[in-house]
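Hi everyone, thanks for coming along. I'd like to walk you through one structure this morning, so let me put it on the screen.

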Amino acid sequence: MTTQARSLVAISGDPLADDTDIAGLGPVAGVRFRRWRGFDADLPLMWAASDIARVADGEVSRNSLEGMAGYYRHLERYDPAVDLVIAETDPDGAFAGYVRVEWNDSNDGERWYEAIGIVDPAYRRHGIGRALLEWSERRRLAIAAGHAAAGDAPDRRRALTTFLFDGDAGGRALLLGAGYAPMRRFATMCRPDLGDIVDLPLPTGLEVRPVTRDLAELRRVFEADVEAFRDHFGWSEGSDENFAAFIEEPGFDPSLWVVAFDGNEVAGAVLTAIHVTPDGGREGWLDTIFTRRPWRQRGLARALIARSLAVLRDRGLGDASLGVDQDNLNQALALYESCGFRSISQATAYRKPLPEVASPGPGLREVPR
């Protein structure tokens, strides 16, 4: 008998069964739910499930274990002890999936209570995704209730949000059925040939200069990046934690960057990187492309992209990729298409208005963070 075909199993034997929140997940056939056991024990399993899911869902960009670890080390509004649930098969203990929640304030006046859920494709269609989504909603409502009780940011609109690669048809059906609606679309784009790059002039008065690994210089580029994206969807503040995550990114190599200066001011940049794929290959990426407001509409981004592509070509790469918000108000999608990039995979952010929340009730424990 397969794990999936076994009859319903109770989780009362789980050492965390006295945790009301976990017990509230209820039984799923052949599955038990548990808490986080630490970076060394669980993060490699989480990364492997995430990577398998990306491939199955048609997403061409691959994350690395190192990159995922750096990201988790610097999350600021997430506590793995209470904001993460893991699903595994019973009694085998095979890793089946997980869900993580956090919250963030958007730059358009909303507070997002976010969830990222991953189910290994081998264990989909058995109720795991639904159970994890329902738990994540209870947890996110509890966090929101704690904020409401503390009078935290009462003027912000509040919503439950999540993100899904478009190839996951079952996940999309689950979210739509649970009341989520698409709010933003994204694409991974690729330029398959670096052999016909046109050298474009910089706007008058600007020059490209190398950037060293000096922390003050790196912070200046980082803060220019943050400032440039202040009016973009998903903007993140320039906190110390975000800066630490920035310089710990896999492929972080300022010698690849193309940064334009106007005197001592950073006018714009393409933060180029070479990523090592899980199978040991090398991929060229334009990780971040930005132009600060005073220097927009002057052809700077296009000129920097051309130089960035040349950098990758000279390092032996044959193509280049980037990610784009397809609803970007500055028409980034059209710019990248004009530079030879084509969309090869898509993803969608989803949103569900938050119902009115009060203080946490029985079984919902929240300490405002």
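Let's start with strand β11, residues 320-325, keeping in mind that this is a predicted model. Five of the six residues of β11 are buried, so the strand is largely enclosed by the rest of the structure. What does it pair with? Strand β6, residues 181-191, runs antiparallel to β11, and six bridges join the two. If you want a place to look on screen, find Cys190, which stands opposite Ser321 in β11.

Now over to helix α6, which is where I'd like to spend most of my time. The helix covers residues 215-228. A quick check on its geometry: with 14 residues at 1.5 Å a residue, α6 should span 20 Å, and its end C-alpha atoms are indeed 20 Å apart, so the expectation and the model agree. At the start of the helix, Asp214 points a side-chain oxygen to within 3.2 Å of the backbone nitrogen of Ala216.

Which residues of α6 are buried? The list is Glu217, Leu218, Arg219, Val221, Phe222, Ala224, Asp225, Val226 and Ala228. And what covers them? The cover includes α7, β9 (265-276) and β10.

You'll have spotted charged residues in that list, so on to the pairs. As a reminder, side chains of opposite charge can pair when their charged atoms come close. Within α6, Arg219 forms a salt bridge with Glu223, with 3.2 Å between the closest N and O atoms. The two are four residues apart in the helix, which means that about one helical turn separates them. Their surroundings are worth a look too: Arg219 counts as buried because its relative accessibility is 19%, under the 20% cut-off, whereas Glu223, at 43%, is partly exposed.

Further along the helix, Glu227 meets Arg292 in a salt bridge, at 3.2 Å from N to O. Here Glu227 sits in α6 and Arg292 in the loop between β10 (282-291) and α8 (300-314), so this pair ties together parts that are 65 residues apart in sequence. Glu227 is partly exposed at 23% relative accessibility, while Arg292 is buried at 17%. Elsewhere, salt bridges with shared partners join Arg32, Arg34, Asp42, Glu88 and Asp90 into one network.

How many salt bridges does the structure hold? The count is 27. One more of them deserves a moment: Glu137 with Lys352, where the closest N and O atoms are 3.2 Å apart. This pair links distant parts of the chain, with Glu137 in helix α4 (residues 128-150) and Lys352 in strand β12 (residues 342-353), 215 residues apart. Are these two partners buried or exposed? Glu137 is buried, with a relative accessible area of 16%, and Lys352 also counts as buried, at 18%.

Last stop, just beyond α6. Arg230 lies in the loop that leads from α6 to α7 (240-247). With 43% relative accessibility, Arg230 counts as partly exposed. Which residue would you look for across from it? Try Asn107: the two are 123 residues apart along the chain, yet their C-alpha atoms are separated by 7.2 Å.

That's my tour. Happy to turn the model around on screen if anyone wants another look.

Terms used:
Residues numbered from 1 in each chain as written. Predicted model: local features only at pLDDT ≥ 70, side-chain atom pairs only at ≥ 80, totals over all residues. Heavy atoms only, no water. Buried < 20%, exposed > 50% of the residue type's maximum accessible area, 1.4 Å probe, protein only. Salt bridge = Lys/Arg side-chain N within 4 Å of Asp/Glu carboxyl O. Pairing = 2+ DSSP bridges. Expected span 1.5 Å × (residues − 1). Contact = heavy atoms within 4.5 Å. Polar contact = N/O pair within 3.5 Å; in protein donor to acceptor, adjacent residues only side chain to side chain.
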